[in-house]
Amino acid sequence: MLYSSVPDGGPSARPREIIVTGAAGFVGSHISTALAHAGHPVTGVDVRVPARPPVPGVCSVEADFTDPEVLDRVRTGSCAAVVHQAAISDTMEQDWAALRRVNVAGTLDLARACADAGTPFIYASSHSVYGSLHERAPVAEDAVHDGAVCTGPLNPYARSKLEADEELSARGTDSYWVGLRYTNVFGTGEDHKGRMASILGQMLRAAATGRTVRLFSDTLHACRDYVPVEAVAATVLRLVTTRVPSGVYNLGAGHPVSFATVLEWCAEVARGRQLDVRLVPNEVPGRYQYWTCADMSKLGRALDGDPRVPPQDVKAAAEALAGTFAGVGGEADDRADGEATGRSSGGCLTPGTPVPSAADP
Ligand SMILES: NC(=O)c1ccc[n+]([C@@H]2O[C@H](COP(=O)([O-])OP(=O)(O)OC[C@H]3O[C@@H](n4cnc5c(N)ncnc54)[C@H](O)[C@@H]3O)[C@@H](O)[C@H]2O)c1
């Protein structure tokens with residue numbers, strides 16, 4: 001049975017586990033690693049087997065986070081926090097019933113289980129809830145319904161994220177919950193996302209491996225707020241240990257980068273090789289976000305500091321990511337990530353931590 005051998009944490013026991021849903025995913029794997037490195041035992045829940053071997057301190061369980069067993073486990077109050085990253089993350093998904101079941105109802109059920117147990121609940125929302133911004137200015141959380149500022153969700157995925165935010169907000173702030181509207185997260189470990197991987201990562205990979213960099217022809221001056229995945233993980237780590245007022249917060253780098261600038265970065269990554277850039281027609285101009293940027297003031301006030309990521313740090317993170325692609329072909333890189341070869345139990349090395357995993361023989 002799932003989790004059956006994970007001991008409950010008592011006052012004198014080792015630190016209580018933190019459950020990370022979507023832990024085999026891009027953001028969830030980085031968050032799991034950051035939490036484990038900070039000394040928190042992590043139980044990662046995902047329907048997929050992690051592609052990379054989990055780090056020590058992370059136990060992986062192959063399960064659907066909406067399973068009653070998972071919710072029951074949360075309701076026991078034995079975990080220190082639930083960090084919810086699992087979702088249908090494909091922004092092109094059109095199956096509203098599936099989006100509603102996983103991204104909305106599933107999130108709300110998990111939040112309810114946390115509230116019942118008095119367990120902090122931190123979950124991933126999305127900057128996509130704002131849709132297109134009418135002004136080139138950072139958008140604040142409460143502007144999501146202000147038609148003068150933004151269009152609101154442009155696709156069913158974004159709608160699902162906004163519904164979860166709103167239904168949670170309507171429940172009030174008696175329990176501790178935090179929704180984080182990520183902008184464009186980038187970093188290592190998102191090969192499994194294919195065309196849904198960060199556009200920045202896709203362009204850098206193409207440049208680093210001598211392939212054609214493709215760009216919509218109407219987006220040279222479009223801008224994205226790109227946030228390094230390490231910065232997201234660091235913020236989640238802080239929110240696990242630092243209480244802020246319950247609510248929804250933007251989480252991005254807090255400044256926009258144009259695609260023209262990304263092309264400059266690509267040219268640097270190409271290291272003197274001619275950069276092959278192809279401008280292709282935008283197939284979704286009506287549903288395209290031409291400018292994204294998070295106003296991070298609310299999070300800054302809550303954390304009593306400036307949570308923005310300086311532009312030079314974003315560029316440095318992009319260069320570091322490009323370095324992981326350099327000299328590695330796309331296929332080889334996919335293999336290097338170990339897709340479908342990972343064993344989910346391998347990293348459960350915390351003394352006394354059992355190894356519950358549906359992937360175990
Ligand atoms: N990556 C970004 O730029 C970005 C931006 C905004 C919001 N988000 C949100 O952040 C979260 C993480 O995104 P990501 O980029 O890591 O995506 P991802 O697809 O890599 O990770 C999501 C993980 O959730 C798992 N999952 C899906 N349904 C599940 C279920 N029912 N039970 C258990 N596991 C399930 C998937 O197998 C996957 O491993 C998502 O909620 C996503 O919507 C991401």
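## Helix α3 and its surroundings in a predicted model

The buried residues of α3 pack against α2 (68-75), β4 (81-84), β5 (121-126), α4 (156-171) and β6 (177-182). Packing here rests on contacts, two residues being in contact if their C-beta atoms, placed from the backbone, lie within 7 Å. Helices (H or I, at least four residues) and strands (E, at least two) are DSSP runs, numbered from the N terminus.

The model is predicted: local features need pLDDT of at least 70, side-chain atom pairs count only at pLDDT 80 or more, and totals for chains, interfaces and linings use all residues. Residues are numbered from 1 along each chain as its sequence is written.

The protein chain contains ten helices and 13 strands. Of its 361 residues, 46% count as buried; a residue is buried if 20 or more other C-beta atoms lie within 10 Å of its own, exposed if 12 or fewer, and partly exposed in between, with C-beta atoms placed from the backbone. Among contacts between residues at least 6 apart in sequence, 77% join residues at least 24 apart.

Two helices can be compared with their expected span, which is 1.5 Å times one less than the number of residues.

| Helix | Residues | Expected span | Distance between end C-alpha atoms |
|---|---|---|---|
| α1 | 26-37 (twelve residues) | 16 Å | 17 Å |
| α3 | 96-117 (22 residues) | 32 Å | 30 Å |

For α3, the end-to-end distance agrees with the expected span. The helix nevertheless bends by about 30 degrees at Ala 105, where the bend is the angle between axes fitted to the seven residues ending at a residue and the seven starting there. The buried residues of α3 are Leu 99, Val 102, Asn 103, Val 104, Gly 106, Thr 107, Leu 110, Ala 111, Ala 113 and Cys 114. Just after the helix, Gly 118 takes a positive phi of about 70 degrees.

The partner α2 packs on α3 at an angle of about 25 degrees, and the two axes are 8 Å apart. Axes are lines fitted to C-alpha atoms, for helices over the stretch in contact, and angles run from 0 to 180 degrees between N-to-C directions. The two helices are therefore roughly parallel to each other, as angles under 35 degrees count as roughly parallel, over 145 as roughly antiparallel, 65 to 115 as roughly perpendicular and the rest as oblique. On the α2 side, Leu 71, Val 74 and Arg 75 meet Asp 109, Leu 110, Ala 113, Cys 114, Asp 116 and Ala 117 of α3.

Helix α1 is largely enclosed by the rest of the structure, because eleven of its twelve residues are buried. Among them are Phe 26, His 30, Ile 31 and Leu 35. Gly 39, just after α1, takes a positive phi of about 100 degrees.

Glu 17 lies in the segment before β1 (18-21) and counts as buried, with 26 C-beta neighbours inside 10 Å. Glu 17 and Ser 78 are 61 residues apart in sequence, yet 7.6 Å apart in space, C-alpha to C-alpha.

Positive phi values also occur at residues other than glycine. Arg 271, in the loop between α7 (259-269) and β13 (277-280), has a phi of about 50 degrees and is exposed, with 10 other C-beta atoms within 10 Å. Asp 304, in the loop between α8 (297-303) and α9 (311-325), has a positive phi of about 55 degrees and counts as exposed, with 9 C-beta neighbours inside 10 Å.
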